[in-house]
Amino acid sequence: MMMQMMLIKSALALYAAATGMALTYLFSKDDKWSLWMLRLLGIGVLCHLGSFGARQYLFWQIPENRWFFSINSFFGALSFLALAVAAAFFVIEREHRLGILGAFVLPCAALGTGAAVIFADPATRGLPPALQSYWMNIHPMVLMAAYAMFGNAFGVGLALLIQEHQIKSRKPSELCYRLPSIEELDNLNYKIIVAAFPILTAGIIMGGVWAYEAWGRFWGWDAKETWSLVTALLYAGYLHMRLVRGLRGRKAVYVSMLAFASVIFTFFGVNYLSDLHGYLSARG
Amino acid sequence: MTKLFRSVRFNIFLGAAITLAAAVGTLIPQLGEAPEKAAAFQGAHPQWSRLFDFFGFFDLYHAWWFMGLLGLMALDIVLCQLWSPPPQFACEEEASSRSSRKEATLRRNPHQALFASRLPLERAFAQAQRGLAAQGYRIAADFATPAGAAFVATKHGLQRWGSYLAHIAFVVILAGALVKGIFGFVEMVPVMEGRSQALQHKPQWELFVDKFSVKYYDGTREPKDFASRLRVKQGGALLAQKTIRVNAPLDIQGVRFYQATWGAGGDFRSVTLKAGDVFTELPRHARRRIAGTPFEVEADVMMPNFTAEDGGPATASLDLDNPAVRFIFHGGARKIRPLWLFENDPQHCLVEGEDGALTHAPKPPFELAAIDPVLFSGIQVAYDPGYKIVLAGSGLWLIGTIMLFYLHRRRLWVIVEPQGGASCVSVGGWSSRGAQDFEAEFGLLMERLRAEMEPRSDLALSRNPLPEAS
């Protein structure tokens with residue numbers, strides 16, 4: 001437990017430092033801040049992975065939990081989601097080297113990790129029988145990977161809104177010249193969402209198959225199921241409007257942000273509405 | 001009317017209405033999922049309840065108007081797809097030999113390239129086709145132009161099927177749900193351990209629970225496993241038997257038996273009483289003197305989760321959270337009122353009056369050490385013939401969206417014209433990806449094609465470069 005907490009606190013400190021570097025880079029012209037952000041983030045992701053590994057070791061001490069991922073508690077799920085956001089950003093950043101986006105995405109990873117450390121109970125418990133299925137290692141992991149990508153898209157969308165505001169303002173600040181063009185941000189936002197959408201869809205379908213195997217129905221209109229469908233429909237709406245209506249820029253970002261609000265509600269809020277999926281709030 | 005159904009705005013409105021309704025349904029307690037919460041809400045908000053009841057909000061996902069919205073969406077998709085037939089495997093429009101139109105199309109393309117080749121017309125034409133085929137392009141059509149020859153090459157043409165599949169998938173999913181609604185069933189069958197129960201929907205089938213077991217994590221009431229040894233018989237003949245667990249149901253001809261829940265109905269085999277260091281086992285309804293005491297008692301009633309309701313004994317649930325047993329005293333000179341003893345709290349003792357009222361009493365010289373309850377196993381029996389249809393629809397939806405969003409159609413129009421003994425090659429490109437994304441790919445592709453076609457920079461082009469795309 002000590003090792004797990006030490007590593008996750010280190011990851012939190014590194015994410016916070018990387019966020020600081022990203023913010024400094026936002027207002028400076030020195031590329032070294034961006035480089036340091038990436039380095040600190042990389043080490044932070046490694047620490048977080050180490051913490052996850054230490055947690056797995058503890059989790060597997062209970063025989064019934066053996067070979068399952070420890071994401072059945074609020075701490076485990078939130079920590080994993082923050083790790084996925086950070087890792088997804090690391091991959092996107094290495095691919096696109098926009099540098100500036102760290103200021104918008106990394107706070108999400110830092111806040112998620114911080115919330116897990118401060119508010120959630122890190123103790124490991126035995127899995128209830130319903131979660132002792134191989135789907136436990138697939139269905140939530142796939143969905144959280146999609147959520148992490150949507151988190152990155154949210155950061156990109158935020159940057160787009162700021163850039164547009166800067167361009168329209170009479171006195172654009174230095175920030176305007178640091179941020180990528182609106183078209184570039186819009187394309188990146190679209191690319192991330194388009195990559196995440198089939199993953200979200202696959203995750204929802206997997207949940208249906210698991211529900212059929214465990215409870216005898218593919219779809220039961222449980223709050224979690226319904227809100228994940230709402231999320232998928234909102235992102236489908238975004239993609240549809242972009243492809244069919246050519247929706248771009250600010251309006252497209254508003255739709256994607258509405259969909260991301262639904263992601264947040266699906267992850268946090270619905271746990272208090274759903275009995276079947278209430279395990280995150282220890283109600284299931 | 002047809003215009004209305006085909007309009008994107010109507011589709012968006014319909015989708016938004018379904019999304020909003022689905023979201024609202026999660027905020028109002030639903031009768032099917034949480035009947036107690038729905039009843040509590042109705043009791044607390046009678047005014048709202050009447051309104052919600054009228055619109056079917058307490059069973060929103062089965063309300064006529066919600067089903068109507070889903071049906072309208074399905075109808076809309078069917079009509080839209082009828083008006084827009086599925087794409088053909090071959091590019092019919094390219095098969096046309098209207099070369100002038102093709103050339104005009106080429107000139108309208110956002111991506112254009114023009115270069116000279118040392119190769120004569122026929123060899124340049126064949127080399128261009130080979131070069132693009134090597135890059136994964138399919139030659140969709142070739143035709144003659146007034147001055148030379150042209151062809152159309154495509155890549156990832158399957159993308160056009162993506163939208164079609166994704167929309168059809170929605171109808172397939174709804175069809176699966178309809179099949180389930182008409183032919184399927186779900187019933188909860190609580191069966192006491194060692195007993196049997198006939199199914200409502202399959203009355204000729206009898207379900208036996210030979211053994212039910214539950215295991216808890218050490219020091220907690222959190223279950224780590226619960227299982228039932230099941231037998232299903234039809235007219236005395238054994239159909240199947242299996243020990244079922246959560247996630248491991250029994251399947252007989254598509255009818256699946258799930259381990260859903262368990263509980264204690266109040267029945268028990270025996271209790272163990274402790275007086276000092278001496279234990280006495282007492283079967284239910286058997287009179288027996290407790291060793292080490294002068295009392296002869298009988299255990300007759302058990303409450304799995306004891307609570308005092310209206311002053312009298314009751315159970316808050318069927319979970320063994322606070323099990324208590326009532327003991328009736330027999331014999332002796334003095335009449336003693338029935339006592340309630342608690343397994344989890346040996347110091348606690350209640351006496352039941354003639355009117356059923358409970359009052360605290362001093363602890364007797366014995367305590368309730370253990371109860372051997374007869375548990376019931378809650379078996380959910382479900383038959384869903386629409387499952388595979390829904391699954392197929394979901395798969396179609398996934399494949400459709402992947403084709404639609406991951407594949408990007410590319411189309412190239414290539415015109416080769418003779419220029420002395422050499423050729424002039426004009427290429428126009430289009431992609432379903434954004435122009436910016438395709439720009440770099442098109443540039444690289446043209447660089448490769450040009451290199452394969454023995455370019456010559458010394459040859460002056462006989463025609464002006466292609467105009468900029470508007």
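About 4000 Å² is buried between chain A and chain B, and carbon and sulfur atoms give 63% of that area. Please keep in mind as you look around that this is a predicted model. The contact draws on 48 residues from chain A and 41 residues from chain B, and a helix pair that runs across the two chains is a good place to begin the tour.

**The interface as a whole**

- Three residues of chain A deserve a look: P129(A), Y212(A) and W221(A) together supply 18% of the area that chain A buries against chain B, more than any other three residues.
- Polar contacts join 10 residue pairs across the interface of chain A and chain B, with both residues at pLDDT 80 or more.
- On the side of chain A that touches chain B, helix 7 and helix 8 (223-244) of chain A each supply at least two residues.
- Helix 7 of chain A gives the most to that side, with 17 residues.
- By class, the side of chain A that touches chain B has 29 nonpolar, 10 polar and nine charged residues.

**Helix 7 of chain A against helix 10 of chain B**

- Helix 7 (residues 182-215) of chain A and helix 10 (residues 387-406) of chain B have axes that come within 10 Å and cross at roughly 170 degrees.
- Angles over 145 degrees count as roughly antiparallel, and the two helices are therefore roughly antiparallel to each other.
- From helix 7 of chain A, the residues making the contact include Y190(A), V194(A), F197(A), P198(A), I205(A), V209(A) and Y212(A).
- Helix 10 of chain B answers with residues including Y387(B), L391(B), W397(B), L398(B), I402(B), F405(B) and Y406(B).
- Sorted by class, this helix pair brings 16 nonpolar, three polar and no charged residues to the contact.
- Y212(A) turns up twice: this residue is part of the helix contact and is also one of the three residues named above for buried area.

**Salt bridges, between chains and within chain A**

- Side chains of opposite charge can pair when their charged atoms come close.
- Between chain A and chain B the count is one salt bridge.
- E64(A) forms a salt bridge with K224(B), and their closest N and O atoms are 3.7 Å apart.
- Over all chains, the structure holds 21 salt bridges.
- Within chain A, D186(A) forms a salt bridge with R248(A), with the closest N and O atoms 4.0 Å apart.
- D186(A) sits in helix 7 of chain A and R248(A) in the loop between helix 8 and helix 9 (249-267) of chain A, so this pair ties together parts that are 62 residues apart in sequence.

Terms used:
Residues numbered from 1 in each chain as written. Chains lettered and ligands numbered in written order. Predicted model: local features only at pLDDT ≥ 70, side-chain atom pairs only at ≥ 80, totals over all residues. Heavy atoms only, no water. Axes fitted to C-alpha atoms, helices over the stretch in contact; angles between N-to-C directions. Helix = DSSP H or I, 4+ residues; strand = E, 2+ residues; numbered from the N terminus. Parallel < 35°, antiparallel > 145°, perpendicular 65-115°, else oblique. Contact = heavy atoms within 4.5 Å. Nonpolar A, V, L, I, M, F, W, Y, C, P; charged D, E, K, R; others polar. Buried area = accessible area lost by both parts, 1.4 Å probe. Salt bridge = Lys/Arg side-chain N within 4 Å of Asp/Glu carboxyl O. Polar contact = N/O pair within 3.5 Å; in protein donor to acceptor, adjacent residues only side chain to side chain.
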